Structure formats: structure tokens, C-alpha cells
Amino acid sequence: EYSSFGFYINFIREKVSSVIYKFFPDWKAPFTEQILIGTRGELENEITETFQKSGMSHILAVSGMHMAVIVNLFEKFFGLFPFGKTKRNARSGFIIVFIIFYMALCGLGMSVLRSGLMLIFHYLSRIFFSGSKSIDNLGIAIAAVLLIDPLAACDIGFLMSVLSCLLISVFAPVLKTKTL
């Protein structure tokens with residue numbers, strides 16, 4: 001149906017894909033497409049196997065790392081425009097809308113859902129509070145994901161994603177103070 005949100009997301013996804021294939025030659029196009037919007041299946045088996053053998057296959061899946069880079073670029077872009085007194089809140093609102101759009105564009109996989117929800121809660125806390133801790137955002141994101149899909153608790157990818165975020169949230173501040 002031409003009026004559904006999914007139709008428009010797929011349309012935009014196809015346009016992004018065609019732009020990627022226009023500007024990136026050979027294997028670089030499906031690689032860029034996969035790490036940017038999560039489209040799978042077009043990347044050569046040899047490249048995929050190389051990433052798997054090196055233990056780096058998680059880089060090929062859109063996840064928190066990708067979301068953070070894309071959202072940070074978007075935030076820097078919006079930082080160029082004056083928003084007046086409510087600059088921070090307006091920018092946070094635009095970024096939340098962008099995150100929701102980007103999550104849909106990437107197909108709402110578990111890693112995208114978890115990282116997107118964490119980022120959304122981060123920006124919501126900027127609007128309504130003075131800020132938040134990443135561990136709090138992780139807890140809220142976990143609860144939201146499990147409300148949406150209770151079987152996510154059995155998904156090894158989701159559990160590994162949560163564990164890695166938990167370890168980063170706990171040990172990053174400790175390591176930061178030890179190295180400074």
C-alpha cells in the first residue's frame with residue numbers, strides 16, 4: 001500500500017542504496033550499504049567470512065557504534081543552526097525524531113532497537129532532566145525492548161549487546177579516571 005510508513009521507509013532505503021552504489025565501486029558498495037542501513041546478503045561471502053574469522057563480524061551489523069557515529073554527525077549538523085533559548089531541547093527533539101527514522105531505515109533489528117532506545121532515552125533525559133547516566137539508559141532500553149519483544153531475553157545477540165554495554169558503562173568511567 002502506498003500510504004503506509006513501511007512503504008516510504010523502503011522507498012527511502014532503495015534511494016539510499018542507489019546513491020551508495022553510484023558512488024562506491026565494486027565490493028565497497030554492498031559493504032557500505034550493510035554497515036550504513038543494515039542491508040544484508042549483497043556482500044561477497046569471502047569478505048563476510050574474513051570478518052567472521054577475524055572475530056569482527058559485529059562491525060557488519062548496524063549497532064550502537066554505528067548509531068552513535070551517525071547520531072553524533074547529525075547532532076553536529078544541527079549544532080550549526082541557531083535554535084534560540086530552547087536550542088538544546090529543540091536539537092534533542094530533532095535528534096530523537098532522526099533516531100526513530102534511522103532505526104526504521106535500518107530494519108529495527110535487536111541491536112538497532114537497543115542502541116536506538118538508549119540514545120532516545122539519553123536525549124529525553126537532556127530535555128526533561130539535567131542529563132542521565134548510560135547505565136540508567138541501558139536499564140530503560142532493556143525494559144523497553146523486553147516489553148516490545150519478551151523473547152529478546154533469549155536472543156544471544158541481544159544478551160551480548162546488553163553485556164557489552166553494561167561492561168562499557170561500568171568500566172569506562174573507572175578506566176577514564178585511571179588514565180588521566
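Which loop does Asp26 lie in? Asp26 sits in the loop between H1 and helix H2, the latter covering residues 28-37. I will come back to that loop. Before that, a caution: what you see above is a predicted model.

Let me start with the whole chain. The secondary structure of the protein chain comes to 8 helices and 0 strands. Read along the sequence, the pattern is α-α-α-α-α-α-α-α. The C-alpha trace spans about 45 × 40 × 40 Å along its principal axes. The chain has 180 residues, and buried residues make up 34% of them. Now take the contacts between residues at least 6 apart in sequence: 55% of those join residues at least 24 apart.

Next, the interior. In soluble globular proteins, nonpolar side chains tend to be buried together. In this model the largest nonpolar core has 32 residues. Which of its residues touch the most other members? They are Ile99 and Tyr102. Five elements give two or more residues to this core: helix H4 (64-78), helix H5 (87-105), helix H6 (110-128), helix H7 (134-148) and helix H8 (156-179). The largest share, 9 residues, comes from H6.

Take Ile99 as an example. With its neighbours within four places in sequence left aside, Ile99 is in contact with Met67, Val71, Gly116, Leu119, Ile120 and Tyr123. Apart from this large core lies another core, of 5 residues, including Leu43, Ile47, Phe51 and Leu60.

Staying with H6, two of its residues can be looked at in turn. Ser115 is found in helix H6. Is Ser115 buried or exposed? Its relative accessibility is 3%, and buried means under 20%, so Ser115 counts as buried. Leaving aside neighbours within four places in sequence, the contacts of Ser115 are Ser63, Gly64 and Met67. Met67 also appeared on the list for Ile99.

The other residue is Arg126, again in helix H6. Which residues does Arg126 contact, leaving aside neighbours within four places in sequence? They are Glu75, Arg88, Asn89 and Ser92. For a sense of distance, Arg126 and Asn10 are 116 residues apart along the chain, and their C-alpha atoms are separated by 31 Å.

Now to the packing of H1, which covers residues 5-23, against H5. These two helices pack at an angle of about 80 degrees, with their axes 9 Å apart. Angles of 65 to 115 degrees count as roughly perpendicular, so H1 is roughly perpendicular to H5. From H1, the contact is made by Phe5, Ile9, Ile12 and Arg13. From H5, it is made by Phe101, Ala104 and Leu105. What kinds of residue are in the contact of H1 with H5? There are 6 nonpolar, no polar and 1 charged.

Further along H1 we come to Tyr21. Tyr21 is partly exposed, with a relative accessible area of 38%. Not counting residues up to four places away in sequence, Tyr21 touches Ala29, Pro30, Glu33 and Glu42. Of these, Glu33 is 12 residues from Tyr21 along the chain, and the C-alpha atoms of the two are separated by 8.3 Å.

That brings me back to Asp26, in the loop between H1 and H2. The phi angle of Asp26 is near 50 degrees, a positive value in a residue other than glycine. Asp26 has 69% relative accessibility, and exposed means over 50%, so Asp26 counts as exposed.

Last, the cysteines. How many disulfides are there? The count comes to 0. Cys106 is in no disulfide, and the nearest cysteine sulfur, that of Cys165, is 16 Å away. A disulfide needs the two sulfur atoms within 2.5 Å. Cys165 is likewise in no disulfide, its nearest cysteine sulfur being that of Cys106. Cys106 counts as buried, at 8% relative accessibility. Cys165 is buried too, with a relative accessible area of 13%.

To close, three things to find in the structure above. Look for Ile99 and Tyr102 in the largest nonpolar core. Look for H1 lying roughly perpendicular to H5. And look for Asp26, exposed, in the loop between H1 and H2.

Terms used:
Residues are numbered from 1 along each chain as its sequence is written. This is a predicted model: local features need pLDDT of at least 70, side-chain atom pairs count only at pLDDT 80 or more; totals for chains, interfaces and linings use all residues. Side-chain values use heavy atoms; hydrogens and water are left out. A nonpolar core is a set of buried Ala, Val, Leu, Ile, Met, Phe, Trp, Tyr and Cys residues joined through side-chain atoms within 4.5 Å. Buried means under 20% relative accessible area, exposed over 50%, partly exposed in between (1.4 Å probe, protein chains only). Helices (H or I, at least four residues) and strands (E, at least two) are DSSP runs, numbered from the N terminus. Contact means heavy atoms within 4.5 Å. Axes are lines fitted to C-alpha atoms, for helices over the stretch in contact, and angles run from 0 to 180 degrees between N-to-C directions. Angles under 35 degrees count as roughly parallel, over 145 as roughly antiparallel, 65 to 115 as roughly perpendicular and the rest as oblique. Ala, Val, Leu, Ile, Met, Phe, Trp, Tyr, Cys and Pro count as nonpolar, Asp, Glu, Lys and Arg as charged, and the others, Gly among them, as polar.
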